[in-house]
Amino acid sequence: MNHPHVTLEPGRIAALLLGPAAVLVPAPPAMAAELTAVVQAVPARLGAVERIAVVEREVVAVEDGQLASTAGLLRLGEASSCAVPGEACSPQRLAEALRRHRGDLWSALAEFGYAGGRGGGVQAAALAAAFAAAPGGPEPATPDRVFASVEEFAARCCAWRDARPSTGE
């Protein structure tokens, strides 16, 4: 299956289309106040490039003493016309995958068919290296919420999959 290519502007931040109106950024860097999701079908000839405003965001993290992971969860102002490639994942299954991948959210989501991790067309290690907080590298996003359990973190990530577009109210 071909996965849509998603980046956030400004900053060319790699992301995943989690649901028609939801984007997830594993290990997010600090992001500008106003963001646009740039969604392109793959191969590119399958559709036009969509530029959709991000209307809501939340950065969540888990630190349970055994692993740490962060996710940027974003709601779009309108639904993307691109197909969402991954299967719905339950919080329990996502938590188990996160443990197997020692907190690597890119790889954990690849188990459910999302592009970004092993088997999804993009190597998780390369993406993680691109966003690693290192001297001269991008600063990580500051979490809005920190969960003490992987299950709570996974539940929050899964809940955003069904985000609906903004109604303008």
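Five salt bridges turn up in this structure, which is a predicted model. Three of them are worth a walk-through, and here they are side by side.

| Acidic partner | Basic partner | N to O distance |
|---|---|---|
| E58 | R145 | 3.9 Å |
| E58 | R156 | 2.8 Å |
| E111 | R100 | 2.5 Å |

Let's start with E58, which appears in two of the rows: together with R145 and R156 it makes up a network of salt bridges. E58 sits in strand β5 (residues 50-63) and R145 in strand β7 (residues 145-147), so their bridge ties together parts that lie 87 residues apart in sequence. The bridge from E58 to R156 also links distant parts of the chain, as R156 belongs to helix α4 (residues 150-160), 98 residues away.

How buried or exposed are the members of this network? E58 has a relative accessible area of 9%, so it is buried. R145, at 38%, is partly exposed, and R156 is partly exposed too, at 28%.

The E111 and R100 pair sits elsewhere: E111 is in the loop between α2 (105-110) and α3 (124-131), while R100 is in helix α1 (residues 91-100), eleven residues apart. Both ends are partly exposed, with E111 at 36% and R100 at 49%.

Now for the chain as a whole. It has four helices and seven strands, running in the order β-β-β-β-β-β-α-α-α-β-α. Of its 169 residues, 45% count as buried. Among contacts with a separation of 6 or more, 65% join residues 24 or more positions apart. The accessible surface adds up to about 8400 Å², and carbon and sulfur atoms account for 51% of that.

How values were computed
Residues are numbered from 1 along each chain as its sequence is written. This is a predicted model: local features need pLDDT of at least 70, side-chain atom pairs count only at pLDDT 80 or more; totals for chains, interfaces and linings use all residues. Side-chain values use heavy atoms; hydrogens and water are left out. Helices (H or I, at least four residues) and strands (E, at least two) are DSSP runs, numbered from the N terminus. Buried means under 20% relative accessible area, exposed over 50%, partly exposed in between (1.4 Å probe, protein chains only). Contact means heavy atoms within 4.5 Å. Accessible areas come from the Shrake-Rupley method with a 1.4 Å probe; for residues, only the protein chains shown count as cover. A salt bridge is a side-chain nitrogen of Lys or Arg within 4 Å of a carboxyl oxygen of Asp or Glu.
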